[in-house]
Amino acid sequence: GALTLAIGLWAKLLARYSLWEMSIPEIMETNTIPVFFIHGKADSLVPVEMTEKAAVACRAPKQVLFVDGAEHGTGYLMENEIYRNMHCDIWRNSVR
């Protein structure tokens, strides 16, 4: 939609990269910032395999949570306590 186009334009003009040309798994190979991957297994917008590939490629500290029955952007709502604990754990374990 319009928001994606606006973000894409900003990225191209200010950050000098294209949202449509970037590869998240490639970026994860050199990323050093802790990452918390959460993905709903019922996501109809983004395939679960995309998050799986990114998580495997990630060399930084990471946590991965796949939520049964969760649609796009709702995993944290369905498994809020697990989400909060894992989110806190990754930062607690990474910042020392």
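Visitor: What does the secondary structure of the protein chain come to?
Guide: Heads up, this is a predicted model: local features need pLDDT of at least 70 and side-chain atom pairs pLDDT 80 or more, while totals for chains, interfaces and linings use all residues. Residues are numbered from 1 along each chain as its sequence is written, and side-chain values use heavy atoms, leaving out hydrogens and water. Elements are DSSP runs numbered from the N terminus, with helices (H or I) needing at least four residues and strands (E) at least two. From the N terminus on, the order is α-α-β-α-β-α-α, and the total is five helices and two strands.

Visitor: How far does helix H1 reach from its first C-alpha to its last?
Guide: H1 covers residues 2–15, which is 14 residues. The expected span is 1.5 Å times one less than the number of residues, and for H1 that comes to 20 Å. The model's value is close to that, at 19 Å.

Visitor: And which residue follows H1 with a positive phi?
Guide: Its phi is near 60°. The residue is Arg 16.

Visitor: Which element gives the largest share of the nonpolar patch on the surface?
Guide: A patch like this takes Val, Leu, Ile, Met, Phe, Trp and Tyr with over 30% relative accessible area (Shrake-Rupley, 1.4 Å probe, only the protein chains shown as cover) and no salt bridge, with side chains joined within 5 Å. Here that gives Leu 9, Trp 10, Leu 13, Leu 14, Tyr 17, Met 22, Ile 24 and Ile 27, with about 790 Å² of accessible area together. Tyr 17 sits in the loop between H1 and H2, while two or more residues come from each of H1 and H2. The largest share, four residues, comes from H1.

Visitor: Which residue forms a salt bridge with Lys 41?
Guide: The whole structure has two salt bridges (a side-chain nitrogen of Lys or Arg within 4 Å of a carboxyl oxygen of Asp or Glu). In the Lys 41 one, the closest N and O atoms are 3.1 Å apart. Lys 41 lies in the loop between S1 and H3 and its partner in the loop between strand S2 (62–67) and H4, so the pair ties together parts 27 residues apart in sequence. That partner is Asp 68.

Key: Patches are made of residues with over 30% relative accessible area and no salt bridge: like charges are joined within 9 Å, nonpolar side chains (Val, Leu, Ile, Met, Phe, Trp, Tyr) within 5 Å.
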